[in-house]
Structures are given as C-alpha cells and as structure tokens.
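Biologist: I'd love to go through this one with you, asking at each step what a label rests on. Shall we start?

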Amino acid sequence: MTERQATELQIAEAQTAEAQTAEAQTTEPRATESQPGRTAFVFPGMGPFRFTDVGEFLLTNPHARRRLAIADEVVGYSVFDRYRQSDGDEEGQYAAHTQIAFLTVCLSLADWAEETLGEKPELCAGPSFGQRAAVTYAGSLPFEETVRLTAELARCEEEYFAQEHREAVTHCVIHTPEESLRKALGELDDEGEWHDVSGHIDQGFYLVSLREPVLDRFKKRIGDLGGYNMYTMWPPVHAPSFGDLRRKAEEEVFGGFELADPELPVVSDQNGALLTEAEGVRTMLLDTFNCPIRWPDMVETMREQGITKVCISGPDNLFGRVNSTGENFEVLAIDARKAMRPRVRQRSARRARR
C-alpha cells in the first residue's frame, strides 16, 4: 500500500474519532416562527469507497439501475462491471469509471430520499467532487452530460499530472490547530519545498498538497505537533498552483458543455456564494482545480438561508461528521445501507397511507 491511498486502519480510526465527536454534540434546528426549517441536499466529496458497500444498491435500486444504464450508454462500457473488477486496485480508486460510479450512487440516493423519505431540498451543496452531483441534481446539467464531463475531466487530469506536478499528492490532517499547521508548513518553506493548502474543512481540519517524497516527514511533524493524519489522495486537488490545469480543462473540455441556470440554488464550495445562474456554476466547476474548498463558508451560507437540516447523499466520512455540521444542522446520512433497509421503506409506505 503506497501513500497515495488511505489504509483501512486510517479510515477506521478517523471515522471513529469523528463519530465520537458527532455523538457528543446536540443538533438543534435553527428554525424560527418567521423562517421555518429548510432542508439542503449535500453531495459529499469523493474519498475511498468500496464496491462491497454500494454494489448491491447499484445492482438492485431502481434509481441506480436507471442511472447506470444512462451512464453505460454515454461511456460505451459497463460502469458497474469495471468498478467491480477494479475494487481494491490502487489505480482504480479515482479512475473515470469509479468517479462515475460514485456520482451515480450519490444522485440515486438523492432520488431515493426524495421519493421514499419525502425529503424536498431548498438548495444543493457539493464540496469538491460533490459539485458535479449538486449541479446535476439542481438541474444545471443533465446527468448524461455530467457523466461525459466526468469522463473527459478524468482524462484531462491524467494527462496533466503525467507531465506537471508528477510527485504531488493531497493529504488530509485533523485535530491540527492553524498555528501548528503554519509551523509545519513554515518548516517546508525553510527547506524550499512546495506546498499549497487545498482545503479548510473545519477547525483544525485541512487539506494540504505537497510532494509525495516529503509526505512521511510531514506526517511525522503533524503527529509531533499533536495533529492526526487521515488519508492521502492522488490525483491531488484544489491547489492554487494548478492554474494550468484549470486552463487546460476550460480549453479542452468545458467548451463542449452548455450549462443552464440551476432550478435550485447551489452553494459554491470555494467561498460559499449562492449560485443561481449558469455562469456562476461554470466558474465554480472550473475553480475546483486551483481554488481551495472552504466548508465553513458553505455552512455559513446555508445557515443564512435558513437551512436547519442537511441530507448527506452519498458515501461520506467527512462532511456530515465534522463539528461545524453537527453544531448547526440536523444531519441525515443518506447512504446505501439505509436505502437497502426494508423497514425504512415500510415506514415510509405507512406514512403515505395516512
């Protein structure tokens, strides 16, 4: 196992730590008499996820089967089969077919939540890769076009990182105060080592892009400063140094896509802006390559819009668990296991008959 992929132990430990934090919180909706509670659908960023966790859902859920059929037609192969065959393969963790499978799962779970649980969102948000599901669900880009966009951007990124920033990775740290992070990054500066902060997820929770050869030393320094290392991603993401990748994507990919004004507002993951026009959505999708994500800004915007409940639609071990989410919203995790439980569907059916 290389540093480009999270180990199962890291993921399990991180999930346990964040779950314990979330369980200790109280989640009181912020509704008022003049502003009733509102719901947002949040589509999570893409992390390591296993076929065994979502395979049955993809195979049996009618929403997933419908979307998979569309995806297969767009790309010309069976997304399900390729995803199943590459499960556990490091090279397949963020391959185009895996990205399309993740997109399909997230949107199909949103379909299921709306139909079965009666969830009706007032707006959408999608940090990092979740942008694509958010703009699709909001009506700015049809699903088949998002599948095509995802496949073409995967090719674009692969070409770029084969030539530029070949050693770059993005690493996730938690329980690391800003002062400690600055100290660790300052030491990299002293050594003349490149780095970028690629995301601010929560207090003490950051994404850092740097060269893989110095990753072990950086992880040790984070640990020495009292922080905790989660997982490492490749290809790297959201680094200000990747401006050329943004230009490449704009020139080679986005010219072939026409976005519409979203039917639901979309919260930008770079600055929390509320996007209601196609041009803003397009800018957000392009800025993902070289602008850090800022989940606290997204949380603040959702609060300002009267959101009291967020439905996290898709495999997630980050955004639904961090303090800023649990402290401000009622959090409903919409995952494949929940959608596969017969008792959930039975309860919904009983409510519908009343």
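Biologist: What makes residues 323–328 a helix, the one where T325 lies?
Modeller: Helices here are DSSP runs of H or I with at least four residues, strands are runs of E with at least two, and both are numbered from the N terminus. T325 lies in the run 323–328, named α13. This is a predicted model, where local features need pLDDT of at least 70 and side-chain atom pairs count only at pLDDT 80 or more, while totals for chains, interfaces and linings use all residues. Residues are numbered from 1 along each chain as its sequence is written, and side-chain values use heavy atoms, leaving out hydrogens and water.

Biologist: Why is T325 called buried?
Modeller: Buried means under 20% relative accessible area (1.4 Å probe, protein chains only), with exposed over 50% and partly exposed in between. T325 has 0%, so T325 is buried. Contact means heavy atoms within 4.5 Å; not counting residues up to four places away in sequence, T325 touches W295, V310, F319, G320 and V331.

Biologist: Happy with that! How do you know that β3 and β6 pair?
Modeller: Two strands pair if DSSP finds at least two bridges between them. Strand β3 (residues 168–174) and β6 share 4 bridges, in the antiparallel sense. One bridge partner in β6 is M233, facing T170.

Biologist: And what makes F43 and W295 stand out in the largest nonpolar core?
Modeller: Such a core is a set of buried Ala, Val, Leu, Ile, Met, Phe, Trp, Tyr and Cys residues joined through side-chain atoms within 4.5 Å. This one has 90 residues, and F43 and W295 are among those touching the most other members. Helix α5 (residues 96–117) gives the most, with 11 residues.
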